[in-house]
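Student: Please walk me through this model, and show me what stands behind each term as we go.

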Amino acid sequence: MSTSSAPESAQLMEAVVSLAKRRGFVFQSSEIYGGLNGFFDYGPLGVELKKNIRDCWWNDMVRRRDDIVGVETSIIMHPKVWEASGHVAGFSDPLVDCKVSKNRYRADQLFFAPVIIDGVTHGYVSALESEKTTEDLQAAAELMKRKKAIQGTLAPVQPRDMTEAKPEEIALIPSPATGNPDLTAPRAFNMMFQTNVGAMTDASSVAYLRPETAQGMFVDFKNVVDTGRVKLPFGIAQTGKSFRNEITPRNFIFRSREFEQMEMEFFIHEDDDWAKWHRYWINWCKDWLLSIGLPESHLSEYDHLKEKLAFYSKGTTDIMFKFPFGVQELWGIAARGNYDLTQHANASGKPQDIFDEATKKKFVPHVIEPAVGLDRIFLAVLASAYAEEQVTDEKGNTETRTVLRLSPRIAPVKVAVLPLLKNKEALVARAQALYKKIKRKYPCFYDEAGAVGRRYRRQDEIGTPWCVTIDFDTIEKEGDTFTLRERDSMAQKRITEADLFALLEEQVY
Ligand code: ATP
């Protein structure tokens, strides 16, 4: 018998981060030197889970389709790429400095409100963006009223972010670090990491670590068209590292400075129905997320407001995910017109058009871009798969089991093979033979240490969907059957080797 629950927000996040460390999914980068903010390492199980998510995406997005091809482009590209794409001029976030503490804040994540009592402004309060920004500001306003012993009725706070602050307000808004008005006005901070290529370190050698993988697909567009036997509509996909010098990396691997993206540029005829394709890709992305086990209840859509879109953009819809710290963007699906190819055609002097046999005219294709962060999916997967259950055994003892309900598609270990006892040669020999056979095709774990119940729990915690136990029935009775124990229901049944392989073949794809 079991009752299952996911801990609430803050505790859930803590539990996920702690499990990630404890079981070797994710570590802080350079931990022995105190870590480096915004950088992470993936441990033995994490690297498997991440690879499985990436492989599922690649198989479904590229290999199993006839209309999409893959590329792998370099991380450092010609600096003119980033001028043409608009990143040198505009890939920035608004930054606010605290002049005293030297802390830096993203202006759109730092909120403030005037403290208004009986219609008179008595000062300002500030708070960082969180699930409860308004409550924090209200509490700070009440504290100010009490401290200054002001009589009257405090108006409910009206939060605004620092990008909306007037100069005379900036002079009064307290820094979250010092409590005094030490903040600068917001200024644009370019998030691209700069480096130098070659021995010279002057302006002529400046290059950038790519802040997105997408430009690689645009810059290679002609190469793919000329060599890839592709016909519109078609897509070019890649996965790979991107780098952004985020002002405030936070929420574990949700927003980091080095992360991996999985992006696809889907090129369509200029007269094609972009809205139809946009919808097609939003649905595809949602279905794909469900196929790797994310719960539908956690997914939603957010349409970017028309007036906030870049001038060339026809529309952007984000697939949002309910993370423990709130509903946030997981996957952006943008209809970008023919902006990127046109920019590169103009900047390089190399036309990026395609000849239309039907109309005998040349045109620059339009593009729909689904862009997602692999690390963000990883976090969404961990957070929604994590559960703690109260389990009562047949003797009436209750204990908590931690279980990761990972889809078999992405689970780092697909099956664990457990001989009932480690000192019975026949059991161990049969278990070893089965283990070696499974391991040729599927990630598999062999464990003979400790009570079987404890071994099941260890596998539950890392999301292994099935355990097979080699017991006395296996070696003494006809049929060569094992006990198959299913992670989520904890149900057990007898199964043959052929049935086990059939199950794996069906569920792991
Ligand atoms: P955000 O608004 O969260 O900064 P964005 O809109 O700038 O994201 P895009 O440029 O559209 O993001 O990037 C595509 C995807 O890459 C995002 O949907 C997200 O999944 C992922 N991503 C972007 N920035 C980061 C980051 N700093 N860390 C991890 N993943 C990221």
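Tutor: Gladly! Let's begin with the word helix: here it is a DSSP run of H or I with at least four residues, numbered from the N terminus. Please keep in mind that the model is predicted.

Student: What makes residues 452-462 a helix, and what follows helix 13?

Tutor: The run 452-462 satisfies the minimum of at least four residues, so it counts as a helix, with the number 13. After helix 13 comes G463, whose phi is positive, near 85 degrees.

Student: Which residues of helix 13 are called buried?

Tutor: They are Y456, Q459, D460 and I462. The label means that each of them has 20 or more other C-beta atoms within 10 Å of its own. Among the elements that cover these buried residues are helix 2 (44-63), strand 22 (398-404), strand 23 (415-419), strand 25 (466-470) and strand 26 (482-486).

Student: Why is A89 called exposed?

Tutor: A89 has 11 other C-beta atoms within 10 Å, and the cut-off for exposed is 12 or fewer, so the label applies. A89 belongs to helix 4 (residues 87-90). The C-alpha atoms of A89 and N190 are separated by 8.1 Å, although the two residues are 101 apart along the chain.

Student: What makes strand 13 mostly covered?

Tutor: Seven of the ten residues in strand 13 (residues 234-243) are buried. Over the protein chain, which has 509 residues, buried residues make up 33%.

Student: How do you know that strand 13 pairs with strand 14?

Tutor: Pairing asks for at least two bridges found by DSSP. Strand 13 and strand 14 have ten, in the antiparallel sense, so the condition is met. One of these places is F243, whose bridge partner in strand 14 is E258. Strand 13 is also joined to strand 4 (residues 68-70), by three bridges and in parallel, and there V69 stands opposite I236.

Student: What makes strand 8 and strand 9 edge strands?

Tutor: Three strands form an open sheet in the order 8-7-9, with antiparallel pairing. Strand 8 (120-128) and strand 9 (160-161) each have a single partner strand, so one side of each has no neighbour in the sheet. Strand 7 (residues 110-117) is joined to strand 9 by two bridges, which satisfies the requirement of at least two. The bridge partner of F111 in strand 9 is D161. Helix 5 (residues 133-147) lies across strand 7 and strand 8, running at about 135 degrees to strand 8.

Student: What makes strand 5 and strand 6 a hairpin?

Tutor: They pair in the antiparallel sense over three bridges, and six residues lie between them. K102, in the turn, has a positive phi of about 70 degrees. D97 stands opposite R104 in strand 6. Strand 5 (residues 92-97) is joined to strand 10 (residues 187-190) as well, by four bridges in the antiparallel sense, with F189 as the bridge partner of D93.

Student: Where do the domains lie, and how many residues does the contact between domain 1 and domain 2 take?

Tutor: An assignment divides the chain into domain 1 (2-87 + 194-382), domain 2 (92-189) and domain 3 (413-507). The contact takes four residues from domain 1 and eight residues from domain 2. Contact here means C-beta atoms within 7 Å. On the side of domain 1 that touches domain 2 there are two nonpolar, two polar and no charged residues. The centres of domain 1 and domain 2, taken over C-alpha atoms, are separated by 34 Å.

Student: Which residues are the closest of those that surround the ligand?

Tutor: Of the 16 residues that surround the ligand, the closest are F259, G332, A371, G373 and R376. Strand 14 (258-268), strand 17 (326-337), strand 20 (366-373) and helix 11 (374-385) each give two or more residues to this shell. Strand 17 gives the most, four residues.

Student: How many residues of each class does the shell around the ligand have?

Tutor: The shell has five nonpolar, four polar and seven charged residues. G332 and G373 are among the closest residues, and Gly counts as polar, so both of them fall in the polar class.

Methods:
Residues numbered from 1 in each chain as written. Predicted model: local features only at pLDDT ≥ 70, side-chain atom pairs only at ≥ 80, totals over all residues. Near = placed C-beta within 6 Å. Contact = placed C-beta atoms within 7 Å. Axes fitted to C-alpha atoms, helices over the stretch in contact; angles between N-to-C directions. Domains from an automatic or database assignment.
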